[in-house]
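Student: I would like to learn how to read the interior of a protein model, beginning with its packing and ending with its empty spaces. Could you take me through one?

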Amino acid sequence: SDDYRSMWADLGLDLAAHDMLLGVLGEAYGKMYLTQANRPAGMSYFDFVMSEVHGLRIKELIDEKKAGRKIIGSYCVFVPEEIVLAANATLVGLCSGADFAMEEVERLLPRNTCALIKSAFGFKLGKVCPYLESADMIVGENTCDGKKKAYESLAQLVDNLYVMDLPQVKSDKGRDLLKAEYQRFQKAVEELTGSPITVASLQQAIRTVNAKRAAIHRLSTLRKADPAPISGMDALLVNQVFFYDNPARFTDAVNKICDELEQRMKAKSGVFPTKNPRVIVAGCPQAVPNWKLPMLVETAGAVIVGEESCVGERGTRNLTDEAGNSVDELLDNIVDRYFQIDCAIFTPNRDRLHHILEMIEKYQADGVIHYGLQFCQPYLMEALPIEKVLAEKGVPCLRIETDYSMEDIGQLKTRIEAFVEQL
Ligand code: BJ8
């Protein structure tokens, strides 16, 4: 609409480039999502959210800003939404799943940088991300070398970058660092919003975020069923929207889908036949609109029953303890929850392998597809020992290394089809 166009222009978007992006996104969504059979009726909410991802949701954020709230953008699940909400701000995920303005990007970053980082830069340089442009603060974090160094360059492109340091070892010192960084972040957010965090506001924020995660846990549990009541494509989408939507509304929408899936389970109906090959996808995060792999897996006839990823269980598992009598106690609960995240930037990172094994059991998976983005050292390195352990346990594993381009689609299709065949 015209309203949206003037909103995008006010945010400084490049309207022509942005039209192109929305065109490509809409077409891909129609082809990959709307063509799926037996989708739960409750997915219509997510179809709506996607059709309005740069429209209505951005208008809501702008309205929040007009009412004095601040918007904070983040690239990593280590940025605690509880602290953001408690200080009267809204958190949105910024990491992006499509190539954009690649020529310009490669003038600032080496070619052998992972697609996720390049994409984040492409959306800035191409002026096509209304989330990035509406953010009052952008949080970068010292995780992998790629992101850590890229934020030094991003700081030249945006004037509101805040960088959070993160530990690399799960030691007492590591936990102390995380706590100190969350305290520093709390101060920075309070300064931005002018709203000091109180016990009540932090407790309320913890409840809000826990409810969102609990709804996702409920959805995950339902995916244990055979036949699978929801496709991996749709479940991934729900996990992607987790990062953008209004938390309370999102929680309601996910719970509604779960009610529907429970009915499906009773009726023994699903999206794929019973005894269909079931796989877990493990590895790098898949941000919107990176749907290449799940699309290939599910059109090859397997169903994805779980994502071991930050856009998935690595990001959403574990709740934050709601009990505490001071901000400091609640902050400790938050640190305890986030310190368990088994990102591959940690060394050693044994929990991740355990979690993958646990997921195979829980979701009755027949195999694992390890998804690594090209040039992502942490996840590509971890893929090898994971593959070895899975081989010892007799669990088929397909190790994929790819990017956001469509160049390897034929080759991936052949490998995935052969893998699904053997399950
Ligand atoms: S907690 S996974 S969201 S850092 S794909 S940019 S690792 S080279 S994304 Fe992540 Fe936080 Fe960890 Fe999760 Fe680097 Fe790899 Fe690129 Fe990556």
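The dialogue below goes through cores, a buried charged side chain, a pocket, cavities and a ligand shell.

Tutor: Please keep in mind throughout that this is a predicted model.

Student: Which residues have the most contacts inside the largest nonpolar core?

Tutor: A core is read as a network of buried side chains, and here the largest one has 130 residues, with Phe46, Phe78, Phe185 and Trp291 having the most contacts inside it. Helix H11, residues 199-222, gives this core its largest share, eight residues. Apart from it lies another core, of 17 residues, which includes Ala282, Val303, Met359 and Tyr363.

Student: What does Trp291 touch, leaving aside residues up to four places away in sequence?

Tutor: A contact list shows which parts of the chain a side chain meets, and for Trp291 that list consists of Leu25, Ala28, Tyr29, Met32, Tyr33, Met50, Met233, Leu236, Leu237 and Gln240.

Student: Is arginine 39 buried or exposed?

Tutor: Burial is judged against a cut-off of 20% relative accessible area. Arginine 39 has a relative accessible area of 16%, so it counts as buried. Arginine 39 is found in the loop between H2 and helix H3 (43-51), and, not counting residues up to four places away in sequence, it touches Tyr29, Tyr33, Leu34, Asp47, Asp234 and Arg264.

Student: How much space lies in the second largest pocket, and what lines that pocket?

Tutor: A pocket is described by its volume and its lining, and this one holds about 520 Å³ of space. Of its 21 lining residues, Val24, Ala98, Pro289, Tyr404 and Met406 are the closest to its centre. Helix H2 (residues 15-32) supplies the largest share of the lining, eight residues, and by class the lining has 14 nonpolar, two polar and five charged residues.

Student: How many cavities of 30 Å³ or more are found in the whole structure?

Tutor: The search finds four. About 190 Å³ of space lies in the largest cavity, and of the 16 residues lining it, His54, Ser96, Phe123, Tyr244 and Val288 are the closest to its centre. The lining of the largest cavity divides into 13 nonpolar, three polar and no charged residues. The second largest cavity has about 80 Å³ of space, and its lining residues include Tyr75, Leu116 and Lys147.

Student: Which residues come nearest to the ligand?

Tutor: A ligand shell is read from its nearest members and its chemical classes: of the 16 residues around the ligand, Cys114, Cys144, Cys310, Cys343 and Cys376 come nearest, while the shell by class has 13 nonpolar, one polar and two charged residues.

How values were computed
Residues numbered from 1 in each chain as written. Predicted model: local features only at pLDDT ≥ 70, side-chain atom pairs only at ≥ 80, totals over all residues. Heavy atoms only, no water. Core = buried A, V, L, I, M, F, W, Y, C linked by side-chain atoms within 4.5 Å. Buried < 20%, exposed > 50% of the residue type's maximum accessible area, 1.4 Å probe, protein only. Helix = DSSP H or I, 4+ residues; strand = E, 2+ residues; numbered from the N terminus. Contact = heavy atoms within 4.5 Å. 1 Å grid on protein atoms, 1.4 Å probe; cavity = no way out; pocket = protein on both sides within 12 Å on 5 of 7 lines; lining within 4 Å. Points joined across faces, edges and corners; volume = space filled by probe spheres on them. Nonpolar A, V, L, I, M, F, W, Y, C, P; charged D, E, K, R; others polar. Near = heavy atom within 4 Å.
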